[in-house]
Amino acid sequence: MTAYPAWTPASRPGIIPLHPLGFGTILGRSFAALRQNPRVLLGFALIVQTLAYLVVLGAVLAVMWASFSRLDTLRPGTDEYDTVMAGSIAVTAIAGIVLGLVAGALSIIVQGIVVVEVTHAAVAEKLTLGALWRQLRPVAWRLIGYSLLVVLAVVAIVAVVAIGVVAIGVAALPAAIVLTILLILAAIPLAWWLQIKLLLAPAAIIVEHATILQAVSRSWTLTRGRFWPALGIILVISLIFGAVAQVVSLPFSFLSMGLTTIIAPTGDPEPSAIIGVIATALLTQVLTLLLQSVAVVVQATATSIIYIDCRMRREGLDLDLLGYVERRDAGATALADPYREHIGRAAPARGWPAGGYGGPGSPYPAAGQPPYPAAAPAQYPGPHAAQHGHPASQPPYPAGYAPVRPEYPVAPPSPTATAPASAPALVSDEPSPTTWTAPGGASDGADRQSPWA
């Protein structure tokens, strides 16, 4: 019985092609993670953003009430009253800034979940939120620590610069004003440069389990030569969501002013006007939180794809991912994490190897050379030769050449010929049964759990 090879369906593609990516591909696929796993990513991001907003708002209101309530015991217009008022404003502002930075540090957890999801979505795997968190949990505190260190470094630099400008302003106010303008203008490109150079540090911590210093070094190395594409992608995404935020907030601003004018045309603070303004503000805040959640997911997806693209270009990560997909779909189990197999290696040469087509030592010609040696012009004898631009008198073969037709003796068939006694068994034309799974079935790779979880 002849055995036919079993047919296996092609691997389901991930959210990105497994080869170095272009600018448009990275920008377009940055929105693909939401379509790949929207319930997990968008739901988790929205919950974290909402909880952080409520905690920050409640804490700021508590600090404000505790500080400004002291004014009830003082008489307005006195020096003591003015001092307490200034102190209450300063304490509330500092509390708002610090709590806002802490909430921003917590949003790094959302980025971590997105990075883990994108690394699996690149090889067509979809995980639950619990599986994603189990992979992120070993480095979660390291990720939060990196975010807090960045925030503290920024605050320290700003504080030192502000103290220096104030000291200069005491001696020469015009010089301090000019210096402040120059520092602001210089801080904008410097901030963008540092942001891009450190862009891939969180991804290195999450994917490679690198330490903070190792992650900073890895990000600095991977972005070398890819600074401008990364800057363009992050800048375009920021501009897109900034424009969307303005478009969303503008109608609600007009709605709030319209409700105030209709409900309280005289300007008196009537309860109905206050309720309408509060309802409009709450609706605006809900849409803002939703938009911020989408922006966090998209920007984290873009960062993850940039990280994968940089590693494919510098370390040949695409070869590891392709090999992993082939082994996984062939039925192999207990596969190693392809993102941690060859960290930091030099990318193998891409193109024809030595002796390949057109290469050194190749038996084939290089690009721009004729593919074969020059041959004699074709001969077109006969009455139709003129149709091909050849004279009919040209001989069909070169001079001195005559075709030789071999003759083989043909034996007449024997009427008494019979099959030998030891004739082999007939081979069945029926193919052997095959096992295969239709794309999209229960065993499709899209819902496969991560083997390196």
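**Notebook: a predicted all-helix chain**

I began with A124, which I located in the loop between α4 and α5 (129-136). The helices (H or I, at least four residues) and strands (E, at least two) that I name are DSSP runs, numbered from the N terminus. The model is predicted, and I accepted local features at pLDDT of at least 70 and side-chain atom pairs at pLDDT 80 or more, while totals for chains, interfaces and linings use all residues. I number residues from 1 along each chain as its sequence is written, and side-chain values use heavy atoms, without hydrogens and water.

**Entry 1: A124 and A334**

I noted that A124 is not a glycine, yet has a positive phi of about 60°. A124 counts as buried, with 4% relative accessibility. I take buried as under 20% relative accessible area, exposed as over 50% and partly exposed as in between, using a 1.4 Å probe and protein chains only.

I then turned to A334, another residue other than glycine, whose phi is positive, near 55°. I found A334 in the segment after α12 (317-329). Is A334 buried or exposed? A334 counts as exposed, with 74% relative accessibility.

**Entry 2: the chain as a whole**

I counted 12 helices and 0 strands in the protein chain. The chain has 453 residues, and buried residues make up 31% of them. I also looked up contacts (heavy atoms within 4.5 Å). Of those between residues at least 6 apart in sequence, 74% join residues at least 24 apart.

**Entry 3: helix α8**

How many residues of helix α8 (residues 201-208) are buried? I found 8 of its 8 residues buried, which leaves the helix mostly covered. Among them are P202, I205, I206 and E208. Just after α8, H209 takes a positive phi of about 55°.

I chose V207 in this helix for a closer look. V207 counts as buried at 8% relative accessibility. Its C-alpha atom is 7.3 Å from that of V116, although the two residues are 91 apart in sequence. Leaving aside neighbours within four places in sequence, I recorded contacts of V207 with V115, T119, Y307, Y339 and R340.

**Entry 4: the largest nonpolar core**

I define a nonpolar core as a set of buried Ala, Val, Leu, Ile, Met, Phe, Trp, Tyr and Cys residues joined through side-chain atoms within 4.5 Å. The largest has 73 residues, and I306 and I308 touch the most other members. Helix α11 (residues 271-315) gives the largest share of this core, 14 residues. Not counting residues up to four places away in sequence, I308 touches I16, V118, A122, L317 and Y339.

**Entry 5: V60**

I placed V60 in helix α3 (residues 38-68), where V60 counts as buried at 16% relative accessibility. With residues up to four places away in sequence not counted, V60 touches T92, G96 and L99. I also noted 9.7 Å between the C-alpha atoms of V60 and G100, which are 40 residues apart along the chain.

**Entry 6: aromatic pairs**

I found 3 aromatic pairs in the structure. F31 and F241 form a stacked one, with 6.4 Å centre to centre and 20° between the planes. This pair links distant parts of the chain, 210 residues apart: F31 is in the loop between α1 (23-29) and α2 (32-36), and F241 is in helix α10 (residues 227-263). F31 is partly exposed at a relative accessible area of 30%, whereas F241 is buried at 10%. The rings of F227 and W228 lie with centres 5.1 Å apart and planes at 85°, so I entered the pair as edge-to-face. For these terms, rings of Phe, Tyr and Trp (its six-membered ring) pair if their centres lie within 6.5 Å; planes under 30 degrees apart count as stacked, over 60 as edge-to-face and the rest as tilted. F227 counts as buried at 15% relative accessibility, while W228 counts as exposed at 65%.
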